[in-house]
Amino acid sequence: MLKLPELPDCFYQNQPSLICPSSPTPKHSLYLSNLDDQKFLRFSIKYLYLFKKSISLDILKYSLSNVLVHYYPLAGRLRASTEVDQKLEIDCNGEGAVFAEAFMDITAEEFLELSKKPNKSWRKLMYKVEAQSFLDIPPLVVQVTNLRCGGMILCTAINHCVCDGIGTSQFLHAWAQITAKPNLDLAIAPLHTRHGLKPRNPSEITFTHPEYVRNTPRENGHLDIDINHYLQSQPLVPSSLTFTTSHIIHLKRQCVPSLKCTAFEALASHTWRSWVRALDLSPSLNVKLLFSVNVRKRLIPEIQQGYYGNGFVLGCAQTSARDLVASNMCYGVKLVQQAKSSLTDDYVRSMIDLLEDKSVKTDLSMSLVISQWSKLGLEDVDFGEGKPLHMGPLSSDIYCLFLPVIGDFEAVRVQVSVPESVHEKFEYYMKECLGKEANGDANIGYHMEENGFC
């Protein structure tokens, strides 16, 4: 397997501390919606920020204690509901967030050289909480690592059952604002309650919801084909490809003039198709693309500004591997558009009702999952010493991330881990449609018109 350069070890002078809200906060149980406590989301979103200049640890701890007054559920603890089986809730007890401080003998410039693709050694940058289960890990864990050059790396692990991407961005901007401008009111006041996303009584499941499948026992030893299990069993290699504004315009032009599409629709379709081609799946297989869609403004009434819980659902495009690979760009784009347009208030309410059945799970068996981190403002977080030099995930996974590119709002970095055996093929297909400019490789696009793939 390709050997990636490793980071040096972190040095911890002190044990991590618990940062509690700086003033008393409400003590109660916070209901989590069916969108919040899906088993699919029972993990922490782990961000990595590289800053050129560090902030005093005392200042960061003080501002964190202040922002936790506003976002007090992040200082609580997840627990199983005593009223509903397999349901989670937050015990808002003010116990505090974990804050670890470390030093690493590396400069910001050296890290930037290594940051083109994440590797397992990056996990050193996030303190690992020893816990028996997911519920025992505090909803917010922070590690600040000071660097030899005077810069710092900030890593945060925020429980996905508490916040979605928009919510985490809102929280991080609030923390940064209180650090840099402590006398200003928060730009957005957090909305804690999740009752607007409660299921109906009685339930009204009026759609088929291909995003989900019931977790039923397999019969007579029958093994379903499961791409997800296959991928998890393989040696994986991270792929990280930057699509500039001109690359994205080039992709969108594949559909003009017959079809207008957004940058996301074009890039999601292209990534899905490249992934299916690289894995060389059986033509008859039904493959799915699951992608996050913010539904805050799709619901009736709309979810109010400041809501930081999970206000997204998964759109689902599906087709046979044969049709996806053999068709042009427009085919996949239309499937993505149809999936997005189906996410009406009625559809989302039906989905919330469906998730009352705890045997229902996200269908990952034949799916590529894309989560969009770009356009959330994550790369603009500024604690007072400037915006980050780098922002991204702590690690790479089989779930695909569309990441922001520092200094280019319209550009997108596509990151996903694929089996080592198909890594080169996947990157070739991803670059194939971009012509000679793709990543500076003059030979990358010569098959484009000849094979009719774009």
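# Sheets, helices and a pocket in a predicted model

An open sheet of six strands, with mixed pairing, runs in the order S11-S18-S17-S15-S12-S13. The model described here is a predicted one. At the edges of this sheet stand strand S11 (236–243) and strand S13 (312–320); each has a single partner strand, so one side of each is left without a neighbour in the sheet. On average, and with direction ignored, neighbouring strands of this sheet are turned by 25° against each other.

As general background, the strands of a sheet pair through backbone hydrogen bonds, and the pairing is either parallel or antiparallel. One pair in the present model is formed by strand S12 (residues 286–294) and strand S15 (residues 367–372), which pair in the parallel sense over four bridges. Leu289 stands opposite Leu368 in S15.

Two helices lie across strands of the six-stranded sheet. Helix H8 (residues 329–341) lies across S12 and S13, and its direction makes an angle of about 140° with S13. Helix H10 (residues 423–432) lies across S11 and strand S18 (408–419), running at about 15° to S11.

A further open sheet has three strands in the order S3-S6-S5, with antiparallel pairing. Its edges are strand S3 (28–31) and strand S5 (77–80), each with a single partner strand, so one side of each is left without a neighbour in the sheet. Here the average turn between neighbouring strands is 40°, direction ignored. S3 pairs with strand S6 (residues 88–92) in the antiparallel sense over four bridges, and Tyr31 stands opposite Glu89 in S6.

The table sets out the two sheets.

| Sheet order | Pairing | Average turn between neighbouring strands |
|---|---|---|
| S11-S18-S17-S15-S12-S13 | mixed | 25° |
| S3-S6-S5 | antiparallel | 40° |

How do helices H5 and H6 pack, and at what angle? Helix H5 (residues 245–252) and helix H6 (residues 263–279) have axes 9 Å apart and pack at an angle of about 80°. Angles of 65 to 115 degrees count as roughly perpendicular, and H5 and H6 are therefore roughly perpendicular to each other. Ile248, Leu251 and Lys252 of H5 make the contact with Ala263, Ala266, Leu267 and His270 of H6. By class, this contact of H5 with H6 has five nonpolar residues, one polar and one charged.

Some loops contain backbone features of interest. In general, most residues other than glycine have a negative phi, and most peptide bonds are trans. In the loop between H5 and H6 lies Pro257; the peptide bond from Val256 to Pro257 is cis, with omega near 5°. Pro301 is found in the loop between S12 and S13, and a cis peptide bond with omega of about -5° joins Ile300 and Pro301. Gln86, in the loop between S5 and S6, has a phi near 60°, which is a positive value in a residue other than glycine.

The last topic is empty space. Rolling a probe the size of a water molecule over the atoms shows where such space is left. The second largest pocket has a volume of about 690 Å³. Its lining comprises 30 residues, of which Val213, Asn215, Lys361, Thr362 and Asp363 lie nearest its centre. Strand S10 (212–214), helix H4 (227–233) and strand S14 (360–362) are the elements that give two or more residues to the lining of the second largest pocket. Which classes of residue form this lining? The residues of the lining divide into eight nonpolar, 10 polar and 12 charged.

Methods:
Residues are numbered from 1 along each chain as its sequence is written. This is a predicted model: local features need pLDDT of at least 70, side-chain atom pairs count only at pLDDT 80 or more; totals for chains, interfaces and linings use all residues. Side-chain values use heavy atoms; hydrogens and water are left out. Axes are lines fitted to C-alpha atoms, for helices over the stretch in contact, and angles run from 0 to 180 degrees between N-to-C directions. Angles under 35 degrees count as roughly parallel, over 145 as roughly antiparallel, 65 to 115 as roughly perpendicular and the rest as oblique. Contact means heavy atoms within 4.5 Å. Ala, Val, Leu, Ile, Met, Phe, Trp, Tyr, Cys and Pro count as nonpolar, Asp, Glu, Lys and Arg as charged, and the others, Gly among them, as polar. Two strands pair if DSSP finds at least two bridges between them. On a 1 Å grid over the protein atoms alone, a cavity is a set of points where a 1.4 Å probe fits but cannot get out, and a pocket is an open set with protein on both sides within 12 Å along at least five of seven lines; lining residues have an atom within 4 Å of a point. Grid points are joined across faces, edges and corners, and a volume is the space filled by probe spheres set on the points.
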